[in-house]
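User: Hi! I'm new to reading protein models, so could you walk me through this one? I'd like to begin with how charged side chains pair up.

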Amino acid sequence: MPARWWLCALVAVCAADPFRDEAVRIMSSTPVIDGHNDLPWQLLKKFNNELRDARANLSLLQDTHTNIPKLRAGLVGGQFWSAYTPCDTQNKDTVRRTLEQIDVIHRMCQMYPGTFMCVNSSAGIEQAFREKKVASLVGVEGGHSIDSSLGVLRAFYHLGMRYLTLTHSCNTPWADNWLVDTGGEAARSRGLSDFGKLVVKEMNRLGVIIDLAHVSVATMKEALDLSKAPVIFSHSSAYSLCPHRRNVPDDVLQMVKAKHSLVMVNFYNDYVSCKEEATLQQVADHLDYIKKVAGAEAVGFGGDFDGVSRLPVGLEDVSTYPDLVAELLRRNWTEAEVRGALADNLLRVFRAVEQVSSHLQAPEEKPIPLEQLEGSCRTQYGYSGARSLCHGPAALLVAFAPLLFGWGLL
């Protein structure tokens with residue numbers, strides 16, 4: 001019996017992972033703040049944002065990367081929840097759709113007050129840490145959501161938006177997206193238009209973090225040059241390790257370093273390995289690489305959970321963050337570097353954005369030129385002397401009359 005006991009003890013010691021134990025110890029006081037999670041989008045697709053639907057119970061939710069038990073197991077202490085609406089809403093109902101996604105984030109906090117605390121400041125994140133809750137922040141994913149309106153930008157700020165991704169995978173009338181760099185979409189602004197520069201300035205004034213995930217390289221560089229505050233890439237990885245245009249190239253990483261900014265590494269296989277399969281170790285390679293090129297203060301986590309279809313082996317859901325941190329410790333990251341990647345780097349950026357903000361300064365007021373707007377039927381209030389963008393049947397008939405006469409139809 002004694003020999004058997006010693007054998008069991010030896011097996012237990014061999015099975016223990018001291019690096020994971022150390023990761024849990026560190027994360028108990030510095031939990032991870034993740035830059036991007038698409039659970040609100042899943043709630044819309046699966047349940048039409050009806051949180052009282054029994055199937056939508058966040059303590060029991062299945063078939064998602066995120067639920068409350070997984071968040072607890074992953075020692076997640078802060079989350080930017082994505083208020084995302086697809087590009088096909090641009091020039092249509094994007095503002096309404098974005099408002100509904102902001103609303104469902106607030107209702108998550110109201111329905112699960114023991115787990116989520118909706119906050120809108122760096123101090124709020126720290127308070128949530130003390131209360132052992134998940135600090136819940138709103139990130140609006142895609143500049144099309146503001147419908148080219150500084151007034152909408154300000155309204156979203158007042159509703160709790162604390163970062164805006166300047167584009168999603170489509171150009172806006174004022175900023176170019178990453179598909180421009182692939183040749184899949186034509187450049188429109190060659191970075192930022194004059195109005196796009198006003199958007200950046202107004203975000204600085206308000207205290208909204210500028211997020212450059214999804215934008216073209218030209219947009220990255222212009223925004224980094226123009227912004228008075230550090231910026232983030234909420235869910236992007238290193239281009240040199242995986243040459244996908246959603247990732248950040250080395251020359252931009254150098255600008256990130258100079259601007260004391262932050263790249264929060266994406267876990268999507270296509271951006272990690274440029275293949276359908278990837279591993280936790282390859283994600284750690286991206287973290288290592290960004291640390292090497294831009295410095296330890298430039299590294300964070302932006303898992304993109306519930307927004308992607310393929311995740312690395314070992315990072316299947318939000319419960320796995322301690323395993324990734326253990327891998328960094330195994331690679332001789334210092335405790336200070338690990339705490340930085342977990343939370344301190346994001347908190348530093350957020351505080352800097354708050355310090356640059358100036359609500360006493362007059363807001364930007366110049367609207368986007370009417371001729372730069374497109375798409376749906378728009379009214380022209382405020383644009384004196386401008387023609388309507390809404391073409392009714394009579395106007396269309398006049399416009400096409402010569403062509404119709406040519407076809408003998410009139």
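Analyst: Happy to! Keep in mind that this is a predicted model. A good place to begin is Glu297 and Arg348, whose side chains form a salt bridge with an N to O distance of 3.7 Å.

User: Where do Glu297 and Arg348 sit in the chain?

Analyst: Glu297 is in the loop between helix H13 (280–294) and E9, while Arg348 belongs to helix H15, so the salt bridge ties together parts that are 51 residues apart in sequence.

User: And are those two buried or exposed?

Analyst: In between, actually. Glu297 has 30% relative accessibility, so it counts as partly exposed. Arg348 is partly exposed too, with a relative accessible area of 23%.

User: Which residues are joined into one network by salt bridges that share partners?

Analyst: That network is made of Asp17, Asp285, Asp288, Glu327, Arg330 and Arg331.

User: Nice. How many salt bridges are there in the whole structure?

Analyst: The search finds 24 of them.

User: Can you show me another one? What does Arg310 pair with?

Analyst: Arg310 forms a salt bridge with Asp270, and their closest N and O atoms are 2.8 Å apart. This pair links distant parts of the chain, 40 residues apart: Arg310 is in the loop between strand E9 (299–301) and helix H14 (321–330), and Asp270 is in helix H12 (residues 269–272). Arg310 counts as partly exposed, at 25% relative accessibility.

User: What about a salt bridge inside one helix, say the one Arg96 makes with Glu100? How far apart are those two in helix H5?

Analyst: Both residues lie in H5 (residues 94–111), and they are 4 residues apart, which is about one turn of the helix. The closest N and O atoms of Arg96 and Glu100 are 2.9 Å apart. Arg96 is partly exposed at 47% relative accessibility, and Glu100 is partly exposed as well, with a relative accessible area of 26%.

User: Switching topic: how do people describe two helices that pack together?

Analyst: They give the angle between the two axes and the distance between those axes.

User: OK, so at what angle do H3 and H5 cross?

Analyst: Roughly 105°, and the axes of helix H3 (residues 39–47) and H5 come within 10 Å. Angles of 65 to 115 degrees count as roughly perpendicular, so that is the word for H3 and H5.

User: Which residues meet there?

Analyst: From H3 you have Leu39, Pro40, Trp41, Leu43 and Leu44, and they meet Arg97, Gln101, Val104, Ile105 and Met108 from H5. Sorted by class, this contact has 8 nonpolar, 1 polar and 1 charged residues.

User: How about H6 and H15, what is their angle?

Analyst: H6 and H15 pack at about 145°, and their axes are 9 Å apart. H6 brings Ser122, Ile125, Glu126 and Phe129 to the contact, and H15 brings Ala343, Leu346, Leu347, Phe350, Arg351 and Glu354. By class, that contact has 6 nonpolar, 1 polar and 3 charged residues.

User: Which residues of H6 are buried?

Analyst: In helix H6 (residues 122–130), the buried ones are Ser122, Gly124, Ile125, Ala128 and Phe129. Looking down the axis of H6, they fall within an arc of 160°, so they line one face of the helix.

User: What covers the buried residues of H6?

Analyst: The cover includes helix H15 (335–356) along with strands E1 (32–37), E2 (76–84), E3 (116–118) and E4 (134–141).

User: Last topic, backbone angles. What sign does phi have in most residues other than glycine?

Analyst: Negative, in most of them. Here are some with a positive value. Lys132, just after H6, has a positive phi of about 60°. Ser148 has a phi near 55°, and His214 has a positive phi of about 85°.

User: Where are Ser148 and His214 found?

Analyst: Ser148 is in the loop between E4 and helix H7 (150–158), and His214 is in the loop between strand E6 (209–211) and helix H10 (217–226).

User: Are they buried or exposed?

Analyst: Ser148 has 9% relative accessibility, so it counts as buried. His214 is buried as well, with a relative accessible area of 6%.

Note on methods
Residues numbered from 1 in each chain as written. Predicted model: local features only at pLDDT ≥ 70, side-chain atom pairs only at ≥ 80, totals over all residues. Heavy atoms only, no water. Buried < 20%, exposed > 50% of the residue type's maximum accessible area, 1.4 Å probe, protein only. Arc of directions from axis to C-beta. Contact = heavy atoms within 4.5 Å. Salt bridge = Lys/Arg side-chain N within 4 Å of Asp/Glu carboxyl O. Axes fitted to C-alpha atoms, helices over the stretch in contact; angles between N-to-C directions. Parallel < 35°, antiparallel > 145°, perpendicular 65-115°, else oblique. Nonpolar A, V, L, I, M, F, W, Y, C, P; charged D, E, K, R; others polar.
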